[in-house]
Amino acid sequence: RQMCIRDRDIIDVLENYNEAFGKADYANIINCFDYPVSFNLQDKTIGASSKFKLKLIYKKIRGDLPDYYSYSKWENIEIRLIDDNIAIVNADFSRHKDDDSIFYSGSAQYHLRLENDKWKIFSITPFKPYNYFEFE
């Protein structure tokens, strides 16, 4: 199917986020978000109501990765619009070593909001790779 401009804009945000994450560029990571942000984990939800708190969360997430982590790559991105201003994205990603081999694959659902003509992430829910609801 033809990719529309809106989908391209959403993918650009996710690509920028991924690139910043790979470089541990916290200033650019936190600019990809609209606040408050929630990380919905299996046993709890972690909230960040400020850029400062979000930066601390990402320093922990990024710092907990092994030393051989080099970069992440999107393997699949499925976008669905709830309305004109909210998108749900199911995405599969892989984490790579310096030699380009994959050492981890994961999936997450991202909720994005259109804020001042820019898409921003406001919620992330990791999940095991599986088609919970088949997005064609």
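Tutor: Let's start with a term. A polar contact is a pair of N or O atoms within 3.5 Å, where one must be able to donate a hydrogen and the other to accept it. Keep in mind that we're looking at a predicted model.

Student: Okay. What makes the pair Ser 107 and Asp 92 a polar contact?

Tutor: Their side chains come to 2.5 Å, and the cut-off is within 3.5 Å. So the pair meets the distance limit and counts as a polar contact.

Student: Where is Ser 107, and why is it called buried?

Tutor: Ser 107 is found in strand S5. Its relative accessibility is 2%, and buried means under 20%, so Ser 107 counts as buried.

Student: Strand S5 must have neighbours. What is the order of the strands in the sheet?

Tutor: The six strands run S2-S1-S6-S5-S4-S3 in an open sheet with mixed pairing.

Student: What makes S2 and S3 edge strands?

Tutor: Strand S2 (45-48) and strand S3 (69-83) each have a single partner strand, so one side of each is left without a neighbour in the sheet. Across this sheet, neighbouring strands are turned by 20° against each other on average, direction ignored.

Student: How do you know that S1 and S6 pair?

Tutor: Two strands pair if there are at least two bridges between them. S1 (residues 33-40) and S6 (residues 118-127) have three bridges, in the parallel sense, so they count as paired. In one of these strands, S6, you'll find Ser 123, the bridge partner of Ser 38.

Student: Which strands does helix H1 touch?

Tutor: Helix H1 (residues 5-23) packs on the sheet and touches S1, S3, S4, S5 and S6. Its direction makes about 150° with that of S3. Helix H3 (residues 51-63) packs on the sheet too, touching S1, S2, S3 and S6, and its direction makes about 45° with that of S1.

Student: How do you know that the length of H3 agrees with what its residues should span?

Tutor: At 1.5 Å a residue, its 13 residues should span 18 Å, remembering that you multiply by one less than the number of residues. The end C-alpha atoms are 18 Å apart, so the two agree.

Student: Which residues of H3 are buried, and what puts them on the same side?

Tutor: Leu 54, Ile 57, Tyr 58 and Arg 62 are buried. They cover an arc of only 125° around the axis, which puts them on the same side of H3. There's a general reason behind such patterns: an α-helix has 3.6 residues a turn, so residues three or four places apart point the same way. On the other side of H3, Phe 52, Lys 60 and Gly 63 are exposed.

Student: Why is Ile 61 called partly exposed?

Tutor: Ile 61 lies in helix H3 and has 29% relative accessibility. Buried needs under 20% and exposed needs over 50%, so 29% falls in between and Ile 61 counts as partly exposed. It touches Phe 21 and Phe 39, leaving aside residues up to four places away in sequence.

Student: What makes Asn 116 and Asp 117 worth a look?

Tutor: Both lie in the loop between S5 and S6. Phi is near 55° for Asn 116 and near 65° for Asp 117, positive values in residues other than glycine. Most residues other than glycine have a negative phi.

Student: Why are these two called exposed?

Tutor: Exposed means over 50%. Asn 116 has a relative accessible area of 72% and Asp 117 has 74%, so both pass the cut-off.

How values were computed:
Residues are numbered from 1 along each chain as its sequence is written. This is a predicted model: local features need pLDDT of at least 70, side-chain atom pairs count only at pLDDT 80 or more; totals for chains, interfaces and linings use all residues. Side-chain values use heavy atoms; hydrogens and water are left out. Helices (H or I, at least four residues) and strands (E, at least two) are DSSP runs, numbered from the N terminus. Axes are lines fitted to C-alpha atoms, for helices over the stretch in contact, and angles run from 0 to 180 degrees between N-to-C directions. Contact means heavy atoms within 4.5 Å. Buried means under 20% relative accessible area, exposed over 50%, partly exposed in between (1.4 Å probe, protein chains only). The arc is that of the directions from the helix axis to the C-beta atoms.
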